Amino acid sequence: MATASKLPPETLPVDLADIQAAAARIGGSVVRTPTLHSQTLSQLTGARVWLKFENHQFTAAYKERGALNTLLQMSPEARAKGVIAASAGNHAQGLAYHGHRLGIPVTIVMPKPTPTVKVTQTESHHATVILEGETFDAAYAHARQLEAERGLTFVHPFDHPHIIAGQGTVALEMLADAPGIDTLVVPIGGGGLLSGMGTAARGLKPGIELIGVQAELYPSMYAALKQVDLPCEGDTLAEGIAVKQPGTLTRRFVEALADEILLVSERDLEKSVSLLLQIEKTVVEGAGAAGLAALLAHPERFAGREVGIVLCGGNIDTRLLANVLLRDLARSGRLARLRVRLQDRPGALFNVARIFHEQQVNIIEVYHQRVFTTLPAKGLITDIECETRDSAHLDRLMQALRAAHYEVSTVELA
């Protein structure tokens with residue numbers, strides 16, 4: 001449990017009253033997303049799990065809250081000149097959507113390698129998109145340059161009191177809907193969400209436990225608070241929290257508020273995305289699945305607790321989502337690729353297929369390899385992609401193939 005020493009210090013520039021004021025300010029202009037109990041995930045994890053569906057926002061992410069809270073506090077003169085941000089993700093879309101709705105010109109600077117779908121989504125909200133540099137740091141530097149040259153207002157994605165206060169409204173709604181929550185598990189990228197939610201939650205329930213979650217590949221806040229040097233690099237599914245440098249302001253909040261920061265693997269993130277789609281019928285991005293990933297990776301840490309998880313975003317590429325789901329099917333034994341050694345003679349494939357039929361296994365694809373193999377010229381390798389009920393069903397199929405004197409092995413995932 002949290003202790004009194006974990007109450008936010010008075011020196012921090014955001015308190016419960018600021019977050020309550022933000023809630024009143026943005027109310028009616030963002031979706032009051034539901035907080036629902038998940039019976040199945042509770043059974044799987046051993047905790048009583050509550051899900052906050054921020055992927056139901058219009059732009060499918062909580063970032064709208066902080067962006068709108070910031071825009072509404074700008075002067076008429078600043079609104080007329082417009083705002084600028086560096087972002088290739090949810091902050092860009094949230095700022096663009098509410099900026100257009102309020103008649104505020106929005107410019108977003110993105111790195112040149114930004115996927116086209118993210119550029120077009122942001123432009124669909126009537127923002128001006130500028131592609132500059134190969135990295136986020138280069139895009140950020142260009143945005144700050146344009147801020148000075150054009151007299152625009154820079155809206156930081158996480159490191160500003162107005163942003164933090166807006167994000168904190170998530171916790172107000174969660175605790176109003178599920179007051180029994182005693183633990184909040186919050187993804188950390190730059191740290192704005194935990195800073196705001198933690199401030200609100202501790203203001204309402206001083207004893208509530210606050211757990212941050214980061215991807216193992218990008219442990220920036222974890223490393224900063226532990227004062228260790230850890231690499232932040234690699235292709236993570238949780239790109240929304242793949243931040244190399246946490247905020248200066250948010251670091252102060254997280255250090256004061258968080259009881260612990262947990263790191264989660266890519267496999268746990270993939271499994272969580274798949275579970276949320278299969279069980280809750282809801283699409284989340286990798287960052288949005290980080291909270292559930294923490295429960296799956298550390299079940300003993302949360303056993304018996306009333307845990308609130310934020311599904312903070314749902315913007316995931318459909319092809320990537322398909323890959324995640326197929327990989328999960330393969331790891332559970334419901335989808336497999338078997339490598340079978342055959343003789344290159346009539347009826348060889350028919351005889352193998354007959355065993356698949358006898359075991360009631362569906363064949364999806366068949367791949368023959370005659371040339372690029374070390375087998376004799378009359379031998380061949382056949383890869384058969386198939387669909388089974390579960391891992392036990394797959395085991396029975398392989399036993400039947402070996403009983404018929406076939407050499408068979410599984411082609412494993414990385």
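User: How many disulfides does a search of the whole structure find?

Analyst: The count is 0. A disulfide here is a pair of cysteine sulfur atoms within 2.5 Å. This is a predicted model, where local features need pLDDT of at least 70, side-chain atom pairs count only at pLDDT 80 or more, and totals for chains, interfaces and linings use all residues. Residues are numbered from 1 along each chain as its sequence is written, and side-chain values use heavy atoms, with hydrogens and water left out.

User: How do you know that Cys232 is in no disulfide?

Analyst: Look at the distance. The nearest cysteine sulfur belongs to Cys312 and is 18 Å away. The cut-off is 2.5 Å, so Cys232 is in no disulfide. Cys312 is in none either, and its nearest cysteine sulfur is that of Cys232.

User: Why is Cys232 called buried?

Analyst: Its relative accessibility is 15%. Buried means under 20% relative accessible area, exposed means over 50%, and partly exposed lies in between (1.4 Å probe, protein chains only). Cys232 therefore counts as buried.

User: Why does Cys312 count as buried?

Analyst: Cys312 has 6% relative accessibility, so it meets that definition too.

User: What makes β1 and β9 edge strands?

Analyst: Each pairs on one side only. Pairing needs at least two DSSP bridges between two strands. Strands are DSSP runs (E, at least two residues), numbered from the N terminus. The open sheet has 6 strands in the order β1-β2-β10-β7-β8-β9, with mixed pairing.

User: How do you know that β8 pairs with β9?

Analyst: 5 bridges join β8 (residues 209-215) to β9. At least two are required, so the strands pair. They run parallel. Gly212 stands opposite Ile261 in β9.

Notes:
Helices (H or I, at least four residues) and strands (E, at least two) are DSSP runs, numbered from the N terminus.
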